[in-house]
Amino acid sequence: KLQISLLHSISQHYSSITHIDFSVDAKYLRVSCLYNLNFFSTENGSHIQNVSILKDVKWKTNNVPFSWHVQGIWSSTDMGSQVECIDCYIDEENEINSVIV
């Protein structure tokens, strides 16, 4: 039987959360809603505002529609309305092998 308990609540979003990714080491979350991307510590639930400290973090999942790995799917005039879901496989060398849109 799976036992789940609430550890932290996050509230730094302007609308409903649409995508969540965990870092490989499970220390961080990246969370998107509409056109925003936010980062959080899983250890204490704190909002990470200095995102440059996360530049070398490897992500276990890649579902958020805003990241370096998927930036090529957006046209210069796209407001995000056509992209509903995204995922990509990133290998051990941090290279993208496939993107699913």
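Here are a few questions and answers about this predicted model.

Reader: Which secondary structure elements does the protein have, and how many?
Author: Happy to start there: running from the N terminus, the elements read β-β-β-β-β-β. There are zero helices, and the count of strands is six.

Reader: How is the aromatic pair arranged: stacked, edge-to-face or tilted?
Author: A search of the whole structure turns up one aromatic pair. A pair of aromatic rings is described by the distance of the centres and the angle of the planes. Here the rings of phenylalanine 39 and tryptophan 59 have centres 6.1 Å apart. Stacked needs planes under 30 degrees apart and edge-to-face over 60, and these planes stand at 45°, so the pair is tilted.

Reader: How many residues apart in sequence are the parts that this pair ties together?
Author: Let's place each ring: phenylalanine 39 sits in strand E3 (residues 36-41). Tryptophan 59 belongs to the loop between strand E4 (47-48) and strand E5 (87-90). Both residues, phenylalanine 39 and tryptophan 59, are buried. The pair therefore links parts whose separation in sequence is 20 residues.

Reader: Is glutamate 43 buried or exposed?
Author: Glutamate 43 is in the loop between E3 and E4. Its relative accessible area is 58%, and the cut-off to pass is over 50%. Glutamate 43 is therefore exposed.

Reader: Which residues does glutamate 43 contact, leaving aside its neighbours within four places in sequence?
Author: One good place to look is lysine 27, 16 residues away from glutamate 43 in sequence. In space, their C-alpha atoms are 6.4 Å apart. With those sequence neighbours set aside, the contacts of glutamate 43 are His8 and Lys27.

How values were computed. Residues numbered from 1 in each chain as written. Predicted model: local features only at pLDDT ≥ 70, side-chain atom pairs only at ≥ 80, totals over all residues. Heavy atoms only, no water. Phe/Tyr/Trp six-rings, centres within 6.5 Å; stacked < 30°, edge-to-face > 60°. Helix = DSSP H or I, 4+ residues; strand = E, 2+ residues; numbered from the N terminus. Buried < 20%, exposed > 50% of the residue type's maximum accessible area, 1.4 Å probe, protein only. Contact = heavy atoms within 4.5 Å.
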